[in-house]
Amino acid sequence: MVMATTTSTAAHMSLASVTLEVADPEAARRFYSAFGVDTYIHLRASEAHSTGFRGFTLALTVSGPATVDGFVGAAVDAGATVLKPAAKSLWGYGGVVQAPDGTIWKIATSAKKHTGPATREIDELVLLLGVEDVKATKQFYVARGLTVAKSFGGKYAEFAPGTSSPVKLALYKRRALAKDLGVPAEGSGSHRIVLGSTADTFTDPDGFAWEAAASGAPTLS
């Protein structure tokens, strides 16, 4: 499969923030602080109707299996549910948990062997949006000013990160993403996530909402 890169003549735009919409911000704040990702996300109160798979996951890449186990353990101790126990796979070692607010998190490493002690360091955090048509949604974002860093046909696309957020944005087929996470692909209602834009406010073809970062949500601190 050929990997392609794409650039745009539109004004550059990037992901500035990720805001999770939760029913109980105080409880979510406690969970994410204990989990160890509180500096990466914002929280906002919402009672928006949402059922089933919300169409996205936040994926942590870490240095080794011991660190994967550490993050999974911290999440479970704080109230998360294990969707896929941490285990070896073709690509490395990883597990999937669901936070009490419903957000699904994947923690993984490319390493298969325990080569060092657990740390609390996160090498990369990627927001994976499950979309119906990767190519079409990729072009939508390119037209908005995002720069494609990696693209694997109609299966996956990753955008170049901006300087405003430590979170990378990527696109994956919705059903493939749900299968990888171990959940049914069906879902309806709100995605319960808002993406902060360094440009304007808009909604993408799959219903993911973006807002100008200047009107951003309160942080966890």
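**Figure 1. Helix H1 and the residues it tucks away.** In this predicted model, helix H1 covers residues 25–35, and its buried residues are Ala28, Phe31, Tyr32 and Phe35. These four cover an arc of only 90° around the axis, which puts them on the same side of H1. Follow them outwards and you meet their packing partners: strand S1 (15–22), strand S2 (42–45), strand S4 (56–61), helix H2 (65–77) and S7. Just past the end of H1 comes Gly36, with a positive phi of about 100°.

**Figure 2. The whole chain, for orientation.** Before moving on, it helps to step back: the protein has 4 helices and 15 strands. Its radius of gyration is 17 Å, close to the 17 Å that the globule rule gives for 221 residues, so the protein is as compact as a globular protein of that length. The C-alpha trace spans about 45 × 40 × 35 Å along the principal axes. Of the 221 residues, 48% count as buried. Taking contacts between residues at least 6 apart in sequence, 68% join residues at least 24 apart.

**Figure 3. The open sheet and its edges.** Here you can trace 8 strands in the order S5-S6-S7-S4-S8-S11-S10-S9, with mixed pairing. Strand S5 (81–88) and S9 are the edge strands, each pairing on one side only. From one strand to the next, the twist averages 15°. H3 packs on this sheet, where it touches S8, S9, S10 and S11, and its direction makes about 145° with that of S11.

**Figure 4. Strands S5, S6 and S7, with Gly94 in view.** S5 and S6 run antiparallel and are joined by 5 bridges. Together they form a hairpin with 4 residues between the strands, and Gly92 in the turn has a positive phi of about 155°. S6 (residues 93–98) also pairs with strand S7 (residues 104–109), in the antiparallel sense over 6 bridges. Which residues flank Gly94 of S6? Ala87 has Gly94 as its bridge partner, while Ala108 in S7 stands opposite Gly94. As a general reminder, strands of a sheet pair through backbone hydrogen bonds, either parallel or antiparallel.

**Figure 5. Helix H3, from its cap to the glycine that follows.** Helix H3 takes in residues 134–144, with Val134, Thr137, Lys138, Tyr141 and Val142 buried. Seen down the axis, the buried residues fall within an arc of 145°, so they line one face of H3. They pack against strand S8 (124–131), strand S9 (148–152), strand S10 (156–159), strand S11 (167–173), strand S14 (202–203) and strand S15 (209–212). What caps the N-terminal end of H3? Look for Asp133, which has a side-chain oxygen 3.2 Å from the backbone nitrogen of Lys135. After H3 comes Gly145, whose phi is positive, near 115°.

**Figure 6. Ser197 and its surroundings.** Ser197 belongs to strand S13 (residues 193–197). Is this residue, Ser197, buried or exposed? Its relative accessibility is 1%, so Ser197 counts as buried, the cut-off being under 20%. A polar atom of the Ser197 side chain lies 2.8 Å from the backbone nitrogen of Ala199. Apart from its neighbours within four places in sequence, Ser197 is in contact with Met13, Ser14, Ala16, Phe202, Trp210, Glu211, Ala212 and Ala213.

Note on methods: Residues are numbered from 1 along each chain as its sequence is written. This is a predicted model: local features need pLDDT of at least 70, side-chain atom pairs count only at pLDDT 80 or more; totals for chains, interfaces and linings use all residues. Side-chain values use heavy atoms; hydrogens and water are left out. Buried means under 20% relative accessible area, exposed over 50%, partly exposed in between (1.4 Å probe, protein chains only). Helices (H or I, at least four residues) and strands (E, at least two) are DSSP runs, numbered from the N terminus. The arc is that of the directions from the helix axis to the C-beta atoms. Contact means heavy atoms within 4.5 Å. A polar contact is a pair of N or O atoms within 3.5 Å; within protein, one must be able to donate a hydrogen and the other to accept it, and residues adjacent in sequence count only if both atoms are side-chain atoms. Two strands pair if DSSP finds at least two bridges between them. Axes are lines fitted to C-alpha atoms, for helices over the stretch in contact, and angles run from 0 to 180 degrees between N-to-C directions. The radius of gyration is taken over C-alpha atoms; the globule rule is 2.2 Å times the number of residues to the power 0.38.
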